[in-house]
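Thank you all for making the time this morning. I would like to walk you through one structure slowly, going from a single residue to the whole chain and back again, so please have it open while I talk.

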Amino acid sequence: MQEAKPYNISKKAVFAAYEKVKANKGTYGVDGKFIEMFERNLKNNLYKIWNRMSSGTYFPKPVKAVAIPKKNGGTRTLGIPTVEDRIAQMVVKLYFEPGVEPIFYEDSYGYRPNKSAIQALEVTRVRCWRRDWVLEFDIRGLFDNIRHEDLMKMVKKHTQEKWIHLYIQRWMLAPFQMEDGTLVERTAGTPQGGVISPVLANLCLHYVFDDYMEREFKTIPWARYADDGIAHCVSRKQAKYLQRRLQERFQKFGLELNLEKTRIVYCKDDDRKGNHEHTSFDFLGYTFRPRHAKNKYGKYFTNFLPAISEKAKKSIRKKVRGWKLQLKSDKDLYDIANMFNGQIQGWINYYTHFYKTEIYEVLQYINGCLVKWVRRKYKKRKARRKAEHWLGQIAKRDKRLFAHWKLGILPSAG
């Protein structure tokens, strides 16, 4: 007779967790195993995860520390769990998330089912027309500084399952393994990069910020995407007061307002005559600032609108340079399109929702890199004008080949 397990975890949930992790296409952790290696003995490996989780003997491996550059300089450390640990975290997420999701507010947009950054941008755009002032705030190192004790209290409010408490606690304490193999103990935070981290960060900020705003500042609309937030105020005085109160609030939970990235902004347009040192802010890869717009009668006026930010443009150019197209002269144009179209389409999908002409110069930059590829590949087309003409003719004939060509962003045909 099979011995009863202390924790009742469904085998179906473990399999569903594996399928979700596979679909997310993550990289390997400290054990060097990709998902394909895990799948070579899939049935046995999934059974092991279920068996250990059900009996309380599952212990996570250290998380691989990977430093990734931030758009505005510096680096942030991602913690990459192993495939096994990602599946185990997904099991907990499948059980835990449905219990907390209903308590979250409408204006919390980050890493939630049926919520998106574009929705957060849309609502922010409309509110900037209604309110003159914005407090743009950023929490310093949210994922590194959440106090474990505070977070566990919040988790226990929403589930009585002892195994969920146990494994969340173990994940929070799993050390970072640095590139040289040294282990760094963790006493606070939940590593960014873990499957369970976004729902834990949302839970923490629900109590620290969202719920606080709903109780204490009912008249101030806000939007939050993970640790990036916006609040719309009726006056500069109100925005300054809110900033002070939020500083105090975050300190209570061991968190800190990042004052370098926190600013009070005047949403200047044709109807708002005053001046202020800040008349723009960045949110989710877009810059909100006064821009020319045309009304339905064809008359131009100044409106406060979002468009792709300079930081995002710089980041895209850097990524495109990293493709090293000029070194891919062994490929043909269709191979190049297949390799990079997904990425180009992703940028178009995200950055053309508002004031889409702002991204066109970046898309032209991709054309410039394609011209360099032509000049390197074909001796007869070494001259820039010849390469542009050849590529331009192909673009006219086959506008569907590259994602940005469909928008009419074509290389010059000369």
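Let me begin with Ala 226, which counts as buried because its relative accessible area is 8%, under the 20% cut-off. Before I go further, please keep in mind that what you are looking at is a predicted model. Ala 226 sits in the loop between strand E6, residues 222-225, and strand E7, residues 228-233, and its phi angle is near 55°, which is a positive value in a residue other than glycine.

Tyr 355 also has a positive phi without being a glycine, in its case near 50°. You will find Tyr 355 in the loop between helix H12, residues 333-351, and helix H13, residues 360-377. Is Tyr 355 buried or partly exposed? With a relative accessible area of 30%, it lies between the cut-offs of 20% and 50%, and therefore it is called partly exposed.

Now let us step back to the whole chain. There are 14 helices and 11 strands in it, and the C-alpha trace spans about 80 × 60 × 40 Å along its principal axes. Of the 414 residues, 49% are buried. If we take the contacts with a separation of 6 or more, then 67% of them are accounted for by residues 24 or more positions apart.

What, then, is gathered in the interior? As a general point, nonpolar side chains in soluble globular proteins tend to be buried together. In this model the largest nonpolar core has 65 residues, and the members that touch the most others are Met 53, Ile 87 and Val 92. Helix H9, residues 197-216, gives the most to this core, namely 11 residues. Apart from that core lies another one, of 54 residues, which includes Ile 118, Val 134, Ile 336 and Trp 373. Coming back to Met 53, and leaving out residues up to four places away in sequence, we find that it touches Tyr 7, Ile 9, Tyr 58, Ala 88, Val 91, Val 92, Trp 163 and Tyr 167.

Two of those partners, Trp 163 and Tyr 167, are among the buried residues of helix H8, so let me turn to that helix, which covers residues 162-173. At 1.5 Å a residue, its 12 residues should span 16 Å, and the C-alpha atoms at its ends are 17 Å apart, which agrees. The other buried residues of H8 include Ile 164, His 165, Ile 168, Arg 170, Trp 171 and Met 172. The buried residues of H8 pack against four helices, H3 (42-55), H4 (83-100), H7 (148-158) and H9.

One residue of H7 deserves a closer look, and that is His 148. His 148 is buried, because its relative accessible area is 8%. Beyond its neighbours within four places in sequence, His 148 is in contact with Met 172 and Leu 173, and also with Arg 186, Thr 187, Ala 188 and Gly 189. His 148 and Gly 189 are 41 residues apart along the chain, yet their C-alpha atoms are separated by 6.7 Å.

Helix H4 also packs against helix H1, residues 11-24, at an angle of about 115° and with the axes 8 Å apart. The crossing of these two helices is right-handed. On the H1 side the contact includes Ala 13, Val 14, Ala 17 and Val 21, and on the H4 side it includes Ile 87, Met 90, Val 91 and Leu 94. The residues of this contact divide into 11 nonpolar, 1 polar and 2 charged.

I will finish with two residues that make a useful contrast. Ile 139, in the loop between strand E3 (133-138) and helix H6 (142-145), is buried, since its relative accessibility is 1%. Its C-alpha atom lies 9.7 Å from that of Gln 247, although the two are 108 residues apart in sequence. Thr 287, in strand E10 (residues 286-294), counts as buried as well, because its relative accessibility is 12%. Between Thr 287 and Asn 8, however, there are 49 Å from C-alpha to C-alpha, with their positions 279 residues apart in sequence. Setting aside residues up to four places away, the residues that Thr 287 touches include Phe 281, Asp 282, Leu 305, Pro 306 and Glu 310.

Note on methods. Residues are numbered from 1 along each chain as its sequence is written. This is a predicted model: local features need pLDDT of at least 70, side-chain atom pairs count only at pLDDT 80 or more; totals for chains, interfaces and linings use all residues. Side-chain values use heavy atoms; hydrogens and water are left out. A nonpolar core is a set of buried Ala, Val, Leu, Ile, Met, Phe, Trp, Tyr and Cys residues joined through side-chain atoms within 4.5 Å. Buried means under 20% relative accessible area, exposed over 50%, partly exposed in between (1.4 Å probe, protein chains only). Contact means heavy atoms within 4.5 Å. The expected span of a helix is 1.5 Å times one less than its number of residues. Axes are lines fitted to C-alpha atoms, for helices over the stretch in contact, and angles run from 0 to 180 degrees between N-to-C directions. A crossing is left-handed if the near helix is turned anticlockwise from the far one by less than a right angle, and right-handed if clockwise. Ala, Val, Leu, Ile, Met, Phe, Trp, Tyr, Cys and Pro count as nonpolar, Asp, Glu, Lys and Arg as charged, and the others, Gly among them, as polar.
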